[in-house]
Amino acid sequence: MDINNEKKPSSGGKYKGLIIVFLFAVVATTAGKISGTLIKNGLEADEEQTTETTTEVITENQPVSTEEQLVEAETTEVPSEYVEKSQFSASGVFDNHEYIVCNGNFTIKEAEERQIPGYHLATITSTDEFFSIMGLIDLLDNQSKGYWLGANDEDKEGDFKWCTGEKFDYNQWPPDQPDNNDVNTGGPENYLGIWTDGIWNDFSENEELGFVLEKDSVDDKEFSVSGKYGNHEYIVCNAEIEATEAAEIDIPGYHLASITSIGEHDFIMSLIDQLDNKSDGFWLGASDVDEEGDFKWYTGEQFNFNKWPPEQPDNKDADTGGPENYLGIWNDGIWNDFSGKQKFGFVLEKD
């Protein structure tokens, strides 16, 4: 697709510098208590930090000026308790909400289809939240040209609504947006996205962007839990999907988890144990579809660690007698080969 499908408004190059100022300023001057894991230059430190801050929240409906943004950037709170980035995605926690920013070229429908249990396309309802998400976007290598957010005006032109039902009373529209006018086709633009410089825009359904996911409460464990082990990040999701559906989940940077050590196994089990109303089992990223009994991780890693019980894998579905070619883990930690038709949750991993 032509990346000029929508012309990007000029920001005079100021915003990228603004974010850089923001990231350094908050580390030096921000304040309050931050408990969690701060990832900086690949190093992890679990500690409680105390710094000083004055936070002036701007909540007007109209976009703030670049100068006002700069003042806010220098005084806003640290955007996340932990931050992790890669070429494909960056994630972080702000104000008890978790965010995943994903690079890619997806239509709005494709972005909506890539949501995972407990997450939705992100809503932005405050200046602090806006800068937190922009901080994650700025961390990404090879950024997409823009990112989908969770709002549209499909029901009534110009009346944008968040997918969560929250009030749409904060925005970063420039003066000429939303204009509901695709520059190539003249057709409607009903979906909200954000340029990499932070400016909001309405886009057509055929535009291709990355996307931002949000989980409303990191304490809500009905749907999913996440954590970091070594340099890998994991999301364990309650769900009712088959093995092939789990394998087709396309969140940039993530894949169905592979388990190659007892430490990794025990960590994933600790996440599963945190879930409320956990699924009976969870899909992992291996199968023996190519050769019976020769399980292989989808990542290509060596399959030299396992938690099979003595009678498994047996390649025999107890109900049908048919083959079992997909690896799953019972919620008590025992591995099993399954037919793939079971409705289980799944474990995602980001390397």
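## A tour of the predicted model

Glu 154 is partly exposed, with 42% of its relative area accessible. Keep in mind that this is a predicted model. The side chain of Glu 154 pairs up with that of Lys 109 in a salt bridge, with N to O at 3.9 Å. That pair ties distant parts of the chain together: Glu 154 sits in the loop between strand S7 (146-152) and strand S8 (161-162), while Lys 109 belongs to helix H3 (residues 108-113), 45 residues apart. Like its partner, Lys 109 has some surface showing; its relative accessibility is 37%, so it counts as partly exposed.

### The chain overall

Stepping back, the protein chain has six helices and 19 strands. Of its 351 residues, 49% are buried. Take the contacts between residues at least 6 apart in sequence, and 72% of them join residues at least 24 apart. The accessible surface comes to about 16400 Å², and carbon and sulfur atoms account for 46% of that.

### Salt bridges and charge

How many salt bridges are there in the model? The count comes to 10. Three of them are listed here, with the relative accessible area of each partner.

| Salt bridge | N to O distance | Lys | Acid |
|---|---|---|---|
| Lys 109 and Glu 154 | 3.9 Å | Lys 109, 37% | Glu 154, 42% |
| Lys 161 and Asp 159 | 3.7 Å | Lys 161, 43% | Asp 159, 32% |
| Lys 296 and Asp 294 | 3.9 Å | Lys 296, 47% | Asp 294, 31% |

Lys 296 is partly exposed at 47%, and Asp 294 is partly exposed at 31%. Salt bridges with shared partners also connect Lys 109, Glu 112 and Glu 154 into one network. For the Lys 161 and Asp 159 pair, the closest N and O atoms are 3.7 Å apart. Lys 161 counts as partly exposed because its relative accessible area, 43%, falls between the 20% and 50% cut-offs. Asp 159 is partly exposed too, at 32%.

Some acidic side chains gather with their own kind instead. Which residues make up the patch of negative charge on the surface? They are Glu 166, Asp 216, Asp 219, Asp 220, Glu 222 and Asp 276. If you want to find Asp 216, look in the loop between strand S11 (209-215) and strand S12 (224-229). Asp 216 is partly exposed, with a relative accessibility of 36%. That value is over 30%, so Asp 216 passes the accessibility cut-off for patch residues.

### Two residues in strand S15

Now for strand S15 (residues 281-287), which holds Phe 282. Is Phe 282 buried or exposed? It is buried, with a relative accessible area of 0%. Leaving out neighbours within four places in sequence, Phe 282 has contacts that include Val 236, Cys 237 and Asn 238, then Ile 272 and Leu 275, then Gly 328, Ile 329 and Asn 331. The list also takes in Phe 344, Gly 345, Phe 346 and Val 347. Lys 343 is 61 residues from Phe 282 along the chain, yet their C-alpha atoms are separated by 8.9 Å.

Ser 287 is in strand S15 as well. Its relative accessible area is 12%, which is under 20%, so Ser 287 counts as buried. Not counting residues up to four places away in sequence, Ser 287 touches Asp 294, Phe 295, Lys 296, Tyr 298, Asn 325 and Tyr 326. Two of those names should ring a bell: Asp 294 and Lys 296 meet each other in a salt bridge.

### Backbone oddities in two loops

Finally, a look at the backbone. Gln 177 and Pro 178 are joined by a cis peptide bond, with omega at about -5 degrees. Pro 178 is in the loop between S8 and strand S9 (191-195). That loop between S8 and S9 also holds Asn 180, whose phi is near 55 degrees, a positive value in a residue other than glycine. Asn 180 is partly exposed, at 23% relative accessibility.

Where does the other cis proline, Pro 313, lie? Look in the loop between strand S16 (296-297) and strand S17 (326-330). A cis peptide bond links Gln 312 to Pro 313, and omega is about -5 degrees. Asn 315 is in the loop between S16 and S17 too, and its phi, near 55 degrees, is positive in a residue other than glycine. Asn 315 is partly exposed, with a relative accessible area of 23%.

Conventions:
Residues are numbered from 1 along each chain as its sequence is written. This is a predicted model: local features need pLDDT of at least 70, side-chain atom pairs count only at pLDDT 80 or more; totals for chains, interfaces and linings use all residues. Side-chain values use heavy atoms; hydrogens and water are left out. Helices (H or I, at least four residues) and strands (E, at least two) are DSSP runs, numbered from the N terminus. Buried means under 20% relative accessible area, exposed over 50%, partly exposed in between (1.4 Å probe, protein chains only). Contact means heavy atoms within 4.5 Å. Accessible areas come from the Shrake-Rupley method with a 1.4 Å probe; for residues, only the protein chains shown count as cover. Patches are made of residues with over 30% relative accessible area and no salt bridge: like charges are joined within 9 Å, nonpolar side chains (Val, Leu, Ile, Met, Phe, Trp, Tyr) within 5 Å. A salt bridge is a side-chain nitrogen of Lys or Arg within 4 Å of a carboxyl oxygen of Asp or Glu. Lys and Arg count as positive and Asp and Glu as negative; His and the chain ends are not counted. The place of a charge is taken as NZ of Lys, CZ of Arg, CG of Asp or CD of Glu.
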